[in-house]
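The report below walks through selected local features of one protein chain, moving from single residues to helices and paired strands. Please keep the sequence and the three-dimensional view open while reading.

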Amino acid sequence: MQMLFRWASKWWPGLIPLAVMWGFAGWNNTLPVEADLSARSSAALKDTVLDKTRIAVDGRDVSLAADAFSDEGRRDAVTTVEMVPGVRLVDDQTRLVAEAKPFVWSAERDVVRVTLSGSAPLPSMKARLTEAARKEVNGTEVADQMGLARGAPARFEAAAMLLLDQIGKLKDGKITISDTKVNLSGMARDLGGREAIAAALKNLPEGFSIAANEIKAPPYIFQAYKDPVAATVTMTGYVPDNNVHAAIETSASRKFFTEKVVDNLKASVGAPGSFNTAVVAALGALSRLSTGTLVVSDREVKLSGDALYEGAANDIRAGLGKDFPKIWQYKPEITVKPAAGPVDGTVCQQLFSELLAKGKIRFATKRADIDPDSAGILDHLIETALRCPTTNIEVVGHTDSDGEDAFNQALSEKRAQAVIEFLVRAGLPADRFTAVGYGSTQPVAGNDTDDGKAQNRRIEFLVR
């Protein structure tokens, strides 16, 4: 027995390296098998809808962990791995993604980026929504802060895609889906953007509805600048349609201004009510200024510049607001142009003639009532009369040949007298002026055309 123990004590240590070699060989043989099973299991799952998939293989046993989006998806994933050749057992560690109640998704735009947040129902849909946002706001950063959750309403993707189409129309704002309710707020990027968004929302998928639409339109702006140096009046901004555009351009170029009218207006929706009436009245006031700026922003009118004399400044400050609807606001910032130096009678006559060659004093048909639109030309005539205070001036009225001679004679005298009364109300001495009427006896054009008759209906200023 002692000899047996002595013999065994000599050979058993040799088993240790042999066991190590057996273990190493087994491990070397297992590694390729486990790697192969892992690769084939991953490949088998490529068409399944899972998130955060993790596969671990121990021999021929596979541990599958993943976030699934339905019970059916979990079962299909486990069955798919079980059917991989070589797999013996599958340890199911999958779990369902949490359900969002309510299911909320939003897209928010600010100055520098669009942020997508809330929940998306699937990873692939999350990617599609992000890509759609990038296309809609080309060049603007898109931050994806969406999580994944179950509970999306039917046709969620169609609704979200339609709403992402609107994010490009916003300067800033937020669009939110909460279950099937849609909320919108913010400022449209362009005029007409609010209306375009409202029209698009009519195409929301069945079941979705608008809970709140608080998209605001940018200010509806019309501007006009009168430049005495360039002798121009430049109009920019927006008008509601071509008809209003034509009416405003006609009033500016044919009734109010002797300067060249530069028309850079564009048609766009969103004009406030009574836009045409307010703008025409404001342009009439601008025509009375030597230099000035008119800004109409929504229902607010700002008029600034230099009146030709103190009386005109007071009249403009007090009177213009009366021509606007009650809901409009009027902010006059009217100063008075420094008085120009005096001139002699010859220069005074030349200035009168130049003014009346460019613009006309207009009257009501067959009456002596001065058209309010003539205030601009009258202010310029008054300014000139103030520069030659020692001269006497004949105000001469003429008519066309329509009507009886006696009527035309009387009408021409009454119109001349009406002009003098306007001048006197402005502060000029009445004794400097004399009213004269010649009826139709001194035409400057033929009375056989409307244009010729219009030329013959005139007022002249003659320095005596």
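In which loop does Pro-102 lie? In this predicted model, Pro-102 lies in the loop between strand 4 and strand 5, the latter covering residues 104-109. The peptide bond that leads from Lys-101 into Pro-102 is cis, with omega near -5 degrees.

**Backbone angles in loops**

Two residues that are not glycines have a positive phi in loops that involve helices. Arg-155, with a phi of about 65 degrees, is found in the loop between strand 7 (141-148) and helix 5, and at 45% relative accessibility Arg-155 counts as partly exposed. Lys-366, with a phi of about 55 degrees, is found in the loop between helix 10 and helix 11.

**Three threonines**

The table sets out where three threonines are placed and how accessible each of them is.

| Residue | Location | Relative accessible area |
|---|---|---|
| Thr-94 | loop between strand 3 (89-92) and strand 4 (95-96) | 7%, buried |
| Thr-232 | strand 12 (residues 232-239) | 16%, buried |
| Thr-335 | strand 16 (residues 329-336) | 42%, partly exposed |

The side chain of Thr-94 makes a polar contact of 2.6 Å with that of Asp-92, and, with residues up to four places away in sequence left out, Thr-94 touches Leu-64, Ala-65, Ala-66 and Arg-74. Thr-232 counts as buried because its relative accessible area of 16% falls under the 20% cut-off. Beyond four places in sequence, Thr-232 touches Tyr-225, Lys-226, Asp-227, Glu-259, Lys-260 and Val-262.

Thr-335 has a polar contact of 2.4 Å between its side chain and that of Asp-306. Once neighbours within four places in sequence are set aside, Thr-335 is in contact with Gly-305, Asp-306, Ala-307, Ala-313 and Arg-317. Ala-312 is 23 residues away from Thr-335 along the chain, and the C-alpha atoms of these two residues are separated by 9.9 Å.

**Strands 11, 14 and 15**

Ala-307, one of the contacts of Thr-335, also stands opposite Leu-289 in the pairing of strand 14 with strand 15. Strand 14 (residues 289-297) and strand 15 (residues 300-307) run antiparallel and are joined by eight bridges. The hairpin that these two strands form has two residues between the strands, and within this hairpin Asp-298 takes a positive phi near 55 degrees. Strand 14 also pairs in the antiparallel sense with strand 11 (residues 221-227), over six bridges, and in that pairing Ile-221 stands opposite Ser-297.

**Helix 6**

Which residues of helix 6 (residues 193-201) are buried? They are Gly-193, Ile-197, Ala-200 and Leu-201. Seen down the axis of helix 6, these buried residues fall within an arc of 100 degrees, so they line one face of the helix. What covers them includes helix 5 (156-167), strand 8 (170-178), strand 9 (181-188) and strand 10 (209-216).

**Helix 10 and the annotated domain**

A UniProt record, from an unreviewed entry, places the feature "domain: OmpA-like" at residues 350-464. Over this range the chain is 43% helix and 15% strand, and the end C-alpha atoms are 13 Å apart.

Helix 10 covers residues 345-358, and at 1.5 Å a residue its 14 residues should span 20 Å, which agrees with the 20 Å between its end C-alpha atoms. Asp-344 caps the N-terminal end of helix 10, with a side-chain oxygen that lies 3.2 Å from the backbone nitrogen of Thr-346.

Where in helix 10 do the buried residues lie around the axis? Cys-348, Gln-349, Phe-352, Leu-355 and Leu-356 are buried in helix 10. They cover an arc of only 130 degrees around the axis, which puts them on the same side of helix 10. These buried residues pack against helix 11 (375-387), strand 17 (393-398) and strand 19 (458-463), whereas the face of helix 10 turned away from its buried side carries the exposed residues Thr-346, Ala-357 and Lys-358.

Methods. Residues are numbered from 1 along each chain as its sequence is written. This is a predicted model: local features need pLDDT of at least 70, side-chain atom pairs count only at pLDDT 80 or more; totals for chains, interfaces and linings use all residues. Side-chain values use heavy atoms; hydrogens and water are left out. Two strands pair if DSSP finds at least two bridges between them. Helices (H or I, at least four residues) and strands (E, at least two) are DSSP runs, numbered from the N terminus. UniProt positions are given in the numbering used here, feature names are shortened, and annotations may be inferred rather than shown by experiment. The expected span of a helix is 1.5 Å times one less than its number of residues. Buried means under 20% relative accessible area, exposed over 50%, partly exposed in between (1.4 Å probe, protein chains only). The arc is that of the directions from the helix axis to the C-beta atoms. Contact means heavy atoms within 4.5 Å. A polar contact is a pair of N or O atoms within 3.5 Å; within protein, one must be able to donate a hydrogen and the other to accept it, and residues adjacent in sequence count only if both atoms are side-chain atoms.
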